[in-house]
Amino acid sequence: MLMIAIEEHGNIHRAAESLNMSQPAASKLLKDLEDLIGVPLFERLPRGMRPTWYGESMIRHARIALASLGEAGAEIEALKAGHAGKVAIGAIAGPAMTLLPPALARLDQAHPDLRVSVVVESSDVLLEQLTQNRIDLMVGRLFARHDKRNLQYEPIAEEDVCAIARPGHPLLSRRKPGLSELAKLPWVVPPEGSVLRHRFELMFQNAGLQAPRQVTGTAALVLLPRLLQDSDHLAVVPVDVARHYAAHGMVKIVPVELSCRMDSFGFITRTDWLLSPGARTVLATLKTAARKVYPSPTRGARKD
């Protein structure tokens with residue numbers, strides 16, 4: 001707590017005050033710790049203190065330790081109150097619509113006292129939240145750019161994508177529209193920098209075509225039916241998302257095969273963080289549901 005306070009305040013006097021300690025006691029505690037470890041944890045500057053590389057490492061682990069203790073306290077309080085614990089799940093859009101509903105229904109029936117929250121975001125955002133202990137586990141993707149040293153990945157399935165349009169869209173009357181025709185139409189696409197946006201544009205370029213120029217970029221899939229309703233835009237989305245909206249009559253799937261498929265997705269947990277009993281129960285339930293939702297699991301799926 002002292003190391004974290006010094007980093008936050010940049011001054012041992014203010015750090016000691018925040019912890020209701022005297023400055024001499026704080027200085028002695030820090031010196032004892034540095035003597036014990038054998039390295040300086042902070043640089044003493046004219047106007048404050050700054051963590052050394054050793055200090056930054058210690059502070060990172062100190063934060064993890066304090067977060068773990070905080071989780072332990074919250075878990076015990078939940079158990080005392082008659083709850084089975086609190087679990088936060090992160091998921092990308094496709095499995096959020098197909099895998100999570102049956103799994104959550106099973107959890108609600110078998111473990112009604114387990115409090116579960118769900119975050120639906122991109123894999124990049126979810127991985128950051130997993131690292132920060134804001135979620136306990138996630139269903140998403142790992143790419144080459146991601147740091148996998150403290151992550152465990154278990155593939156579930158691959159994810160195809162397709163094009164959707166509003167019911168009554170002129171293109172739906174065509175038996176099988178070509179890619180050159182699709183390139184001329186307006187599209188709703190993922191935001192710039194996303195993997196699907198890159199592969200969508202690359203699909204046209206590989207065919208010797210210019211990627212669609214009239215595009216609206218958004219990651220808010222909940223807006224798609226409304227964005228398509230009053231226009232002739234198409235949208236590129238995971239097949240699971242398309243089937244969900246199509247089942248409710250909000251969109252139609254365009255009869256054209258897109259080659260910009262996505263990598264496999266899977267369960268991702270941390271190897272440097274133990275799951276709580278509640279989180280282990282949630283993960284086991286998700287795996288059981290996945291075997292029914294995706295009866296042909298991915299074989300040899302990429303783990304990078």
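**Close-up views of a predicted model**

**View 1. Strand β7 has buried residues on both of its faces.** On one side lie V161, A163 and A165, on the other C162 and I164, and all are buried. The model shown here and in the other views is predicted. Strand β7 covers residues 161–165, and five of its five residues are buried, so the rest of the structure largely encloses this strand. Strand β7 pairs with strand β10 (residues 234–238) in the antiparallel sense, over four bridges. One of the residues involved is C162, whose bridge partner in β10 is V237. The pairing of β7 with strand β11 (residues 252–253) is also antiparallel and has two bridges. Here A165 has K252 of β11 as its bridge partner.

**View 2. An open sheet of five strands contains β7.** The strand order is β9-β8-β10-β7-β11, and the pairing is mixed. The edges are taken by β9 (215–217) and β11; each has a single partner strand, so one side of each has no neighbour in the sheet. Strands β8 and β9 run parallel and are joined by three bridges. V189 has G217 as its bridge partner in β9. Helix α9 packs on this sheet and touches β7, β8, β9 and β10, with its direction at about 140 degrees to that of β8. Helix α11 packs on the sheet as well, touching β7, β10 and β11, and its direction makes about 115 degrees with that of β10.

**View 3. Helix α11 (residues 239–247) has several buried residues.** The buried residues in this helix are V239, D240, V241, A242 and Y245. Among the elements that cover them are α5, β7, α10 (224–229), β10 and β11. G249, just after α11, takes a positive phi of about 75 degrees.

**View 4. Two buried cysteines, C162 and C260, do not form a disulfide.** Which cysteine sulfur is closest to that of C162? It is the sulfur of C260, at 9.7 Å, which is too far for a bond. A disulfide needs the two sulfur atoms within 2.5 Å. Seen from C260, the closest cysteine sulfur is that of C162. C162 has a relative accessibility of 6%, so it counts as buried. C260 is buried too, with a relative accessible area of 3%. A search of the whole structure finds zero disulfides.

**View 5. A second set of five strands forms an open sheet in the order β4-β3-β5-β12-β6.** The pairing in this sheet is mixed. Its edge strands, β4 (114–120) and β6 (151–159), each pair on one side only. On average, and with direction ignored, neighbouring strands here are turned by 20 degrees against each other. Strand β6 pairs with strand β12 (residues 262–270) in the antiparallel sense over seven bridges. Within this pairing, E159 has M262 of β12 as its bridge partner. Helix α7 (residues 123–131) packs on the sheet and is in contact with β3 (85–91), β4, β5 (137–140), β6 and β12. The direction of α7 makes about 165 degrees with that of β5.

**View 6. T269 is a residue of strand β12.** Is T269 buried or exposed? Its relative accessibility is 10%, so T269 counts as buried, the limit being under 20%. T269 and N150 are 119 residues apart along the chain, and their C-alpha atoms are separated by 8.5 Å. N150 is also one of the contacts of T269 when neighbours within four places in sequence are left aside. The other contacts counted in this way are L130, L137, L151, Q152, L275 and L283.

**View 7. The largest pocket holds about 740 Å³ of space.** Its lining consists of 34 residues, of which A93, E121, S122, A219 and L221 are the closest to its centre. Elements that each supply at least two lining residues are α5 (93–98), α7, β8 (187–189), α9 (195–206) and β10.

**View 8. The structure holds two cavities of 30 Å³ or more.** The largest cavity has a volume of about 60 Å³. Which residues line the largest cavity? They are E71, L130, N133, I135, D136, R270 and W273. One of these, L130, is also a contact of T269.

Definitions and conventions
Residues numbered from 1 in each chain as written. Predicted model: local features only at pLDDT ≥ 70, side-chain atom pairs only at ≥ 80, totals over all residues. Heavy atoms only, no water. Buried < 20%, exposed > 50% of the residue type's maximum accessible area, 1.4 Å probe, protein only. Pairing = 2+ DSSP bridges. Axes fitted to C-alpha atoms, helices over the stretch in contact; angles between N-to-C directions. Contact = heavy atoms within 4.5 Å. 1 Å grid on protein atoms, 1.4 Å probe; cavity = no way out; pocket = protein on both sides within 12 Å on 5 of 7 lines; lining within 4 Å. Points joined across faces, edges and corners; volume = space filled by probe spheres on them.
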